[in-house]
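Trainee: I have the sequence and the structure open side by side. Could you take me on a close look at a single part, the open sheet and what surrounds it?

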Amino acid sequence: TLFPYTTLFRSDAGTVSSEIVGKYEKKIYDLEQQLEICRSLCSTIEFSALIESILYICMGQMHVIGAAVFIMDALDSNVFMLNNNYSGMDLDPSIAYRIPVNHPLVYAISKNNAVYTLEELVDAMPEGIDIRMISSLHPSLIVPLMFRNHLSGILLLGDRLSVNDDMRFSTYDKEQILAIGSLAAIAINNAALVERSSTDMMTHLKLKYFFVQVLTDKLDLALTQNNPLAVIMLDIDFFKRFNDTYGHACGDYVLQTVAKIMRSAIRADDMASRYGGEEFTLMLTNTCREDAITVADRIRTKIEQYDFCYENLHVQVTISVGVTVFDVHDNPVLSPKVLIDQADQALYVSKRNGRNRVTFADSKIIAEVKLPE
């Protein structure tokens, strides 16, 4: 079986060329690396976690000190945005890091499915075209992330560390990063599909079932790492009156504004969802009782003080809130449903006691919530 290959590798002297063997060994190793990268990226469905993985994989594989990726918002396919999708690069606050899909830059990057240096990209641009959103980051390489002949993102690599006293990218290096880019593009498109199907299009918050799935994973992790995990449930007080008095468009405006206030009050690692109707949930990772109550009351206060103005009509909005925290000592629940039910019971205590308040799920509430059979 090995005869044809060993014959191929033999030099005129009749011995296997170590240079050729080394070359093929490296190719085999790189293919194995790509397989692992594929497994890693395609098993990640959370958009933020996926982008972080792409950045660090590319930095590690290409030996660069920074990376950034422009991608379309999963809910907006008209512009590529940088947002927080970068590491080890300095941004210019005066520049809007947004690239419309009809920008000549997009056409130039995607038409050949090829890797560019910054100098090559500048040369490929029509005269007078502004590409400061790229050039200000001083990339060493610009890589298209192509999926089915469509551009899914634009990857930028920062300065390269010296590899064998050489900081240049070889043709083989460029082929490798282009292959990794194609794997990243597939993962981004899969994650975008999940993002769209798991997002409430009115509020742009996660839907109930996706929230429960992520909460399940985070609860397992919190148990393993002995970290607290908070769940907050919020309900808009007397929401029906907005629809009945001012119409459903006003109700939609209230829902969207409350969702916006909620998102602004949590971290990137946390999650907000529209649980149903006018009910919302929050998951706060590694958050103790005191901090969870502080966050909940901050949101309640902001909503109470916010000027909800719909078609020149000022409406007063308040929320009732319930809070619970998983803790391995005080509340060691293993079921996400039980944790949500605890927050829900605390919410209804807030409603019974006059609304527009925060209630923590104390030992009495915890005891009332039945464990799943």
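**The six-stranded sheet and its surroundings**

Mentor: Happily! In this predicted model, six strands make up an open sheet with mixed pairing, and their order is β7-β9-β10-β8-β13-β14. At the edges are β7 (206–207) and β14 (358–360), each of which pairs on one side only. As background, strands of a sheet pair through backbone hydrogen bonds, either parallel or antiparallel.

Let's begin at the β14 edge. Strand β13 (residues 319–326) and β14 run parallel and are joined by three bridges. If you want a place to centre your view, take Val323, whose bridge partner in β14 is Phe360. Helix α11 (residues 289–305) packs on the sheet here, touching β8 (229–236), β10 (279–285), β13 and β14. The direction of α11 makes about 165° with that of β13.

Now follow α11 to its helical partner. Two packed helices are described by the angle between their axes and the distance between the axes. For α10 and α11, the angle is about 140° and the axes are 10 Å apart. The two helices are therefore oblique to each other, since the roughly antiparallel class takes angles over 145 degrees. Their crossing is right-handed. On the α10 side, the contact is made by Val258, Ile261, Met262 and Ser264; on the α11 side, Ile299, Lys302 and Ile303 take part.

From α10 (248–264), move along the chain into the loop that leads to β9 (271–276), and you will find Asp270. Asp270 has a relative accessible area of 10%, so this residue is buried, the cut-off being under 20%. A polar atom of the Asp270 side chain lies 3.1 Å from the backbone nitrogen of Thr285. Setting aside neighbours within four places in sequence, the contacts of Asp270 are Met283, Leu284 and Thr285. Those three belong to β10, which covers 279–285.

For another piece of strand pairing, turn to β6 (residues 150–157). Seven of its eight residues are buried, so β6 is largely enclosed by the rest of the structure. Strand β1 (residues 67–73) runs antiparallel to β6 and is joined to it by five bridges; Ala67, for instance, has Leu157 as its bridge partner in β6. Strand β5 (residues 141–147) also pairs with β6 in the antiparallel sense, over seven bridges, and here Val143 has Leu155 as its partner. β5 and β6 form a hairpin with two residues between them. In that turn, look for Arg148, which has a positive phi of about 50°.

Terms used: Residues numbered from 1 in each chain as written. Predicted model: local features only at pLDDT ≥ 70, side-chain atom pairs only at ≥ 80, totals over all residues. Heavy atoms only, no water. Helix = DSSP H or I, 4+ residues; strand = E, 2+ residues; numbered from the N terminus. Buried < 20%, exposed > 50% of the residue type's maximum accessible area, 1.4 Å probe, protein only. Polar contact = N/O pair within 3.5 Å; in protein donor to acceptor, adjacent residues only side chain to side chain. Contact = heavy atoms within 4.5 Å. Pairing = 2+ DSSP bridges. Axes fitted to C-alpha atoms, helices over the stretch in contact; angles between N-to-C directions. Parallel < 35°, antiparallel > 145°, perpendicular 65-115°, else oblique. Left-handed = near helix turned anticlockwise from the far one by under 90°.
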